[in-house]
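Here is a short walk through a protein chain, with attention to its aromatic rings and its backbone angles. Keep the sequence and the model in view while reading.

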Amino acid sequence: MLKIDFNQLVKLTNVSKNIFKPNLTSQLSFETAILGIKKNFKVLDLGCGCGIIGIALMKSIPNIEMYCSDFDTSSVKNTKKNFTQNKLKADIREGSLFDPWLNKKFDYIINDVSGISSVIAKNSPWFGKEIPCDSGEDGSDLTISIIKKAKDYLTDKGSMQIPLISLSNVEKIVNVAKENFSNVKIVKSKDWFLPKEMEGLKNKMNELKSKNYINFDEKFGKIICKTSIAVCEQ
Ligand SMILES: C[S@@+](CC[C@H](N)C(=O)[O-])C[C@H]1O[C@@H](n2cnc3c(N)ncnc32)[C@H](O)[C@@H]1O
């Protein structure tokens, strides 16, 4: 396996305007995926954005087949361009969730479809108004839908990883994952500070927290969130 510098690759990758800019979740997703993907695996990068996770994996693991999709037309175009620029080949499709992959089976699915409260997403530097995040007030709608459908798109021993971001209802997502998979394990976890420009959302965030829709800690007057990546095994 080749050791690549994910952050360096991000710097070298062209991310078009109004497309999700790779962030900590992208990095943790890559670091988790690299531990679970083996040679010759068929891998799906679901919610591929600019294609960064799939590209990083193809540069790291020999002989994998890469499939990428996103609901957003500009993201799909951007991914195609970035694969070409890196001289890599993948099957890249447009569509919501698993819609582009009817009758396909994968050995490993990296789910990175928008998974934070839609209310917060709209006012965040990550999504803004342009990048789709129809995840509901508690951020779980898309992830839960993916978890419930995943079995149809996984080989018998296939696994799927999902991000668990505390700006969504993590407990609800984990419960559904445990109902649908025999093993759900947290592989990576990191705390991070909410960006300064989002501090105006504090009242809304407290309201969502009081409904158990999201969770965060406060220290030194700063809001601390957590991102984990769970691997769901059949
Ligand atoms: C958090 S971003 C991740 C992008 C990329 N994986 C990265 O790390 O930079 C979430 C992506 O999910 C896509 N998305 C939102 N709703 C979707 C849906 N219903 N089906 C597929 N992709 C969706 C967005 O367009 C966005 O590109």
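In this predicted model, the ring of F193 has the charged end of K222 over it, 4.7 Å from the ring centre. A second arrangement of this kind involves K209, whose charged end sits over the ring of F216 at 4.5 Å from its centre.

Rings also pair with each other: a search of the whole structure finds 7 aromatic pairs. One of them joins F20 and F127, whose ring centres are 5.2 Å apart; the planes meet at 55°, so this pair is tilted. It links distant parts of the chain, 107 residues apart. F20 lies in the loop between α1 (6-12) and α2 (24-36), and F127 in the loop between α5 (118-122) and α6 (141-149). Both F20 and F127 are buried.

The pair of W101 and F106 has ring centres 5.7 Å apart and planes at 90°, so it counts as edge-to-face. W101 has a relative accessible area of 0% and is therefore buried; F106, also at 0%, is buried too. Ring pairs join these two residues with Y67 in a cluster.

The backbone is the next topic. Most residues other than glycine have a negative phi. L97, in the loop between β3 (91-94) and β4 (106-111), has a positive phi near 45°. Its relative accessibility is 13%, so L97 counts as buried.

F220 is not a glycine either, and its phi is positive at about 50°. The loop that holds F220 runs between β7 (217-219) and β8 (222-233). Is F220 buried or exposed? With a relative accessible area of 77%, F220 is exposed.

Notes:
Residues numbered from 1 in each chain as written. Predicted model: local features only at pLDDT ≥ 70, side-chain atom pairs only at ≥ 80, totals over all residues. Heavy atoms only, no water. Helix = DSSP H or I, 4+ residues; strand = E, 2+ residues; numbered from the N terminus. Buried < 20%, exposed > 50% of the residue type's maximum accessible area, 1.4 Å probe, protein only. Phe/Tyr/Trp six-rings, centres within 6.5 Å; stacked < 30°, edge-to-face > 60°. Lys NZ or Arg CZ within 6 Å of the ring centre and 35° of its normal.
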